[in-house]
Amino acid sequence: NLFLENISVAGFSYMGALAGENWGTLIHCHVTGAVRGRNTVGGLVGTNGIRRSARDIPGAPESKSPVSDPNTGLIEECSANVTIRDEAGGTRGNVIGALLGRNAGGVVCACRASGRVEGEGDVGGLVGNNYEGCIRSCYTDCLVRGNRNVGGLVGINFDGSILFCYAVGPAEAAQREARGLVGSDGSASYLCYWEVQTTGCASGY
């Protein structure tokens with residue numbers, strides 16, 4: 001159990017209140033405050049996923065179960081209530097999420113995010129970019145603003161799975177239509193819900 005309250009963190013890339021990168025296990029970690037950064041920025045962690053050293057080993061076996069893989073990041077029952085903007089206090093950031101900037105092959109389960117997230121592209125109320133990762137049983141009521149790939153839950157989902165999640169926070173995009181769940185979805189999202197009135201989005205993904 002870890003609580004970080006009223007934090008203020010600033011940098012450029014791979015920014016998070018708790019860690020820039022995670023490939024271990026985080027359970028019952030909670031943060032409130034403000035994070036500033038330009039690329040791959042999350043309220044809790046910048047990027048969560050497969051340990052790069054393990055993924056780059058020639059001939060290394062591929063795990064069939066990301067939850068049991070010791071080289072895969074797992075974030076469970078964590079929360080973030082944060083404000084996120086770029087390093088200059090503006091809205092030029094990319095891959096921005098209230099909990100995680102990017103989930104790259106990792107697992108996010110039973111987490112919650114709230115607050116205010118603003119960026120340029122790949123902006124989500126929970127995760128900015130979900131690439132081959134699993135997001136399950138999560139909830140967000142975060143206000144999300146950006147220009148492209150803006151979603152109440154996830155900015156862009158590519159070959160990842162999103163299951164049993166719910167989004168209710170407002171999602172707004174200047175250039176492309178914001179969506180209640182996933183701004184741009186290259187994979188299926190199953191049994192997920194968004195609140196049409198509170199998100200302001202007629203389409204979920």
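**Exercise 1. Find the strand that holds Thr-40, then work out whether Thr-40 is buried or exposed.**

Step 1: Thr-40 sits in strand 6, residues 39-42; strands here are DSSP runs of E, at least two residues long, numbered from the N terminus.
Step 2: Check the backbone: phi of Thr-40 is near 60°, a positive value in a residue other than glycine. For context, most residues other than glycine have a negative phi.
Step 3: Thr-40 has a relative accessible area of 5%, so Thr-40 is buried (buried is under 20%, exposed over 50%, partly exposed in between, with a 1.4 Å probe and protein chains only).

A word on the ground rules: this is a predicted model, where local features need pLDDT of at least 70 and side-chain atom pairs count only at pLDDT 80 or more, while totals for chains, interfaces and linings use all residues. Residues are numbered from 1 along each chain as its sequence is written, and side-chain values use heavy atoms, leaving out hydrogens and water.

**Exercise 2. Do the same for Phe-164: where does it lie, and what is its phi?**

Step 1: Phe-164 is in the loop between strand 21 (161-163) and strand 22 (166-167).
Step 2: Phi of Phe-164 is near 55°, again positive in a residue other than glycine.
Step 3: With 37% relative accessibility, Phe-164 counts as partly exposed.

**Exercise 3. Lay out the open sheet of six strands: what is its order, and which strands stand at the edges?**

Step 1: The order runs 3-7-11-15-20-24, with parallel pairing; two strands pair if DSSP finds at least two bridges between them.
Step 2: Strand 3 (19-22) and strand 24 (182-185) each have a single partner strand, so one side of each lacks a neighbour in the sheet.
Step 3: Zoom in on strand 11 (residues 100-104) and strand 15 (residues 127-131), which pair in the parallel sense over four bridges. Asn-103 stands opposite Asn-130 in strand 15.

**Exercise 4. How many aromatic pairs are there, and how are the rings arranged?**

Step 1: The count is two (rings of Phe, Tyr and Trp, for Trp the six-membered one, pair with centres within 6.5 Å; planes under 30 degrees apart are stacked, over 60 edge-to-face, the rest tilted).
Step 2: Tyr-131 and Phe-158 have ring centres 5.5 Å apart and planes at 5°, so this pair is stacked. Tyr-131 belongs to strand 15 and Phe-158 to strand 20 (residues 154-158), so the pair ties together parts 27 residues apart in sequence.
Step 3: Tyr-139 and Tyr-166 make a tilted pair, 5.9 Å centre to centre with 35° between the planes.
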